[in-house]
Amino acid sequence: MNELALKELLYKMADDQLILGHRNSEWTGMGPLLEEDIAFSSMAQDKVGQSLALYTLLHQLGENEPDTVAFTRNANQFHNCVFVELPNQEYDFSLIRHFLFDTAEALRFDMLTHSSYEPLAQLATKIRGELRYHTLHANTWIKQLGSATPESIDRLQKSLEKAMPYALGIFEISPYETELISERIFEGEEKLMEKWMTKVESIISQTSLQLPDWKLVQPVMGGRFGKHSEHLQPLLDEMSEVFKIDPTAEW
Amino acid sequence: MASLDPRVNRLPTVTESVSPKAPLDQFGTFEVFVQPKEGKSFQHEGIVHAPNLEMAYVLAKEAFTRRFTCVSLYVVDTRNVYVSPMTEGEKNSYDFIEDNPEAAGVKESFEIYHLAKRGKQHIHVGTVTASSPQEAMVSAKAKFNTGKVVYNVWIIPTDAIRFTTEEEKELWITLPEKKFRDASDYKGGDKLKDFLEKVK
């Protein structure tokens, strides 16, 4: 099995989960209502848990300990897409990002249940309940607010337009795309994006929101190759604060 | 906001015409029931605020089934829950239900719940068919009253409930390693003790 290709895939998935998990956890204690605060925080925790599971697979392939990998790299060593590192802004943006990203994430893991890399296929099967909840939660909110009041529709629409170029950056082509596909590790970003577009269209069509013309959206790429926005490093600094003071600290 | 003091803000505003009472600026409530294990009865677990039944289902899932084992969950608008008189001591709530003759009308299904211990949860005991919640209460008395004290009975029209589908049960298939979600796993007390020892 092509180990470089496999590691690249695992790193970008793990980094996506860790960074978005951290971002979404910034809403803890500040959510729009208590029940939603609990739900959103819990899903953020799921994401960090999933990143740990993926870093553990990488560790088994000879990479550093999960904590070392998570807390000691600089921004340019992270493979997450730029989308997940963007600041939260208002809740409408966080909800739209949650919807667009988690739809892709759930489809990706669903495809990976057939991966030729057995440990990854097993992990994908194990977490399908969590992913199912994340997409149920996202779809329900988008359908609710996407058809509720002129203000809610307008706010979601603006966030959707702002998010879309970054969302397409999720599917940035890997340098190992051919190997991943031919070795049946993963069916590839293009296939995933096709499925994602169909799914996104099917949910948005049940609301008063309008999708932009896919062809006119200019994707924001670079994240998978370590090219990030100015927002990632401050996030990493904050996330690794305790670890950097005392790497042996348990908390 | 008129004032930082909530008591001032709660004062009724001065009006000059007849107008409808303004609703509270908050969501309605929904009752949440969970099934802890396959084969076990559903039990009332708590309440969530939500704009509608489907949102209530989504929010209830994380609010009430995040840490403990659970195989299924359902929610219902609080306004669809009909309650019998609440009793205490040796008084059985069913004794306050009068046996009325069956009423005419379309029969529908109702779920029945008993409060067997004060301070505990209402637990599902079964289903009856009736043409109204009042008639369902009488049917429940005939079917489920064993003479053992029941402090309170709840009646819910089955059609009003948002159930978990067979397919949705996979919501509770998650990573088994969930200790990080348990406060006890962080051993806060031990850490504080160690720290205080060190400071000495």
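**Exercise 1. Describe how the two domains of chain B are placed and how they meet.**

Solution. The C-alpha centres of domain 1 and domain 2 of chain B are separated by 20 Å. This distance, like every value below, comes from a predicted model.

Step 1: locate the domains. Domain 1 of chain B covers 24-80, and domain 2 of chain B covers 81-163.

Step 2: count the contacts. On the domain 1 side 15 residues take part, and these are in contact with 12 residues of domain 2 of chain B.

Step 3: assign the domain 1 side to elements. β2, α2 and β3 (72-77) of chain B each supply at least two residues of the side that touches domain 2 of chain B. The most comes from β3(B), with 4 residues.

Step 4: sort that side by class. The side of domain 1 of chain B that touches domain 2 of chain B has 6 nonpolar, 5 polar and 4 charged residues.

**Exercise 2. Decide whether chain B fits or departs from the radius of gyration of a compact globule.**

Solution. Step 1: list the elements. Chain B has 4 helices and 7 strands, in the order α-β-β-α-β-β-β-β-α-β-α from the N terminus.

Step 2: compare the radii. For 200 residues a compact globule would come near 16 Å, whereas chain B has a radius of gyration of 23 Å. Chain B therefore departs from the globule value under the rule of 2.2 Å times the number of residues to the power 0.38.

Step 3: look at the extents. The C-alpha trace of chain B spans about 75 × 60 × 40 Å along its principal axes.

Step 4: add burial and contact range. Of the 200 residues in chain B, 26% are buried. Taking contacts in chain B between residues at least 6 apart in sequence, 60% join residues at least 24 apart.

**Exercise 3. Place Asn52(B) and state whether Asn52(B) is buried, partly exposed or exposed.**

Solution. Step 1: Asn52(B) sits in the loop between β2 (43-50) and α2 (53-64) of chain B.

Step 2: Asn52(B) has 14 C-beta neighbours inside 10 Å, so Asn52(B) is partly exposed. The class holds because a residue is buried at 20 or more and exposed at 12 or fewer.

Step 3: Val18(B) is 34 residues from Asn52(B) along the chain, and their C-alpha atoms are separated by 30 Å.

**Exercise 4. Work out which elements of chain A face chain B, then examine one residue of α7(A).**

Solution. Step 1: 20 residues of chain A are in contact with 19 residues of chain B. The elements of chain A that give two or more residues to this side are α2 (34-60) and α7 (128-145). α7(A) gives the most, with 9 residues. By class, the chain A side that touches chain B has 7 nonpolar, 7 polar and 6 charged residues.

Step 2: take Thr135(A), which lies in helix α7 of chain A. Thr135(A) has 18 other C-beta atoms within 10 Å and is therefore partly exposed. Not counting residues up to four places away in sequence, Thr135(A) touches Asp102(A), Thr103(A) and Ala106(A). Ser205(A) is 70 residues from Thr135(A) along the chain, with 16 Å between their C-alpha atoms.

**Exercise 5. Check the length of α2(A) against the expected span.**

Solution. Step 1: α2(A) has 27 residues, which at 1.5 Å a residue should span 39 Å. The expected span uses one less than the number of residues.

Step 2: the end C-alpha atoms of α2(A) are 39 Å apart, so the two values agree.

Step 3: after α2(A) comes Gly62(A), which has a positive phi near 105 degrees.

**Exercise 6. Describe the nonpolar cores.**

Solution. Step 1: the largest nonpolar core has 59 residues; Leu9(A), Leu10(A), Phe83(A), Leu100(A), Ala167(A) and Ile170(A) touch the most other members.

Step 2: leaving aside neighbours within four places in sequence, Ile170(A) is in contact with Cys81(A), Phe83(A), Phe101(A) and Ala104(A).

Step 3: a second, separate core of 41 residues includes Ala39(A), Leu115(B), Met137(B) and Trp154(B).

**Exercise 7. Gln89(A) and Arg184(A) have positive phi values. Locate each and give its exposure.**

Solution. Step 1: Gln89(A), with phi near 55 degrees, is in the loop between α4 (82-85) and α5 (91-112) of chain A. Gln89(A) has 11 C-beta neighbours inside 10 Å and so counts as exposed.

Step 2: Arg184(A), with phi of about 60 degrees, is in the loop between α9 (177-182) and α10 (189-204) of chain A. Arg184(A) counts as exposed because 12 C-beta neighbours lie inside 10 Å, and the exposed class takes in 12 or fewer.

Technical notes:
Residues numbered from 1 in each chain as written. Chains lettered and ligands numbered in written order. Predicted model: local features only at pLDDT ≥ 70, side-chain atom pairs only at ≥ 80, totals over all residues. Contact = placed C-beta atoms within 7 Å. Nonpolar A, V, L, I, M, F, W, Y, C, P; charged D, E, K, R; others polar. Domains from an automatic or database assignment. Core = buried A, V, L, I, M, F, W, Y, C linked by C-beta atoms within 7 Å.
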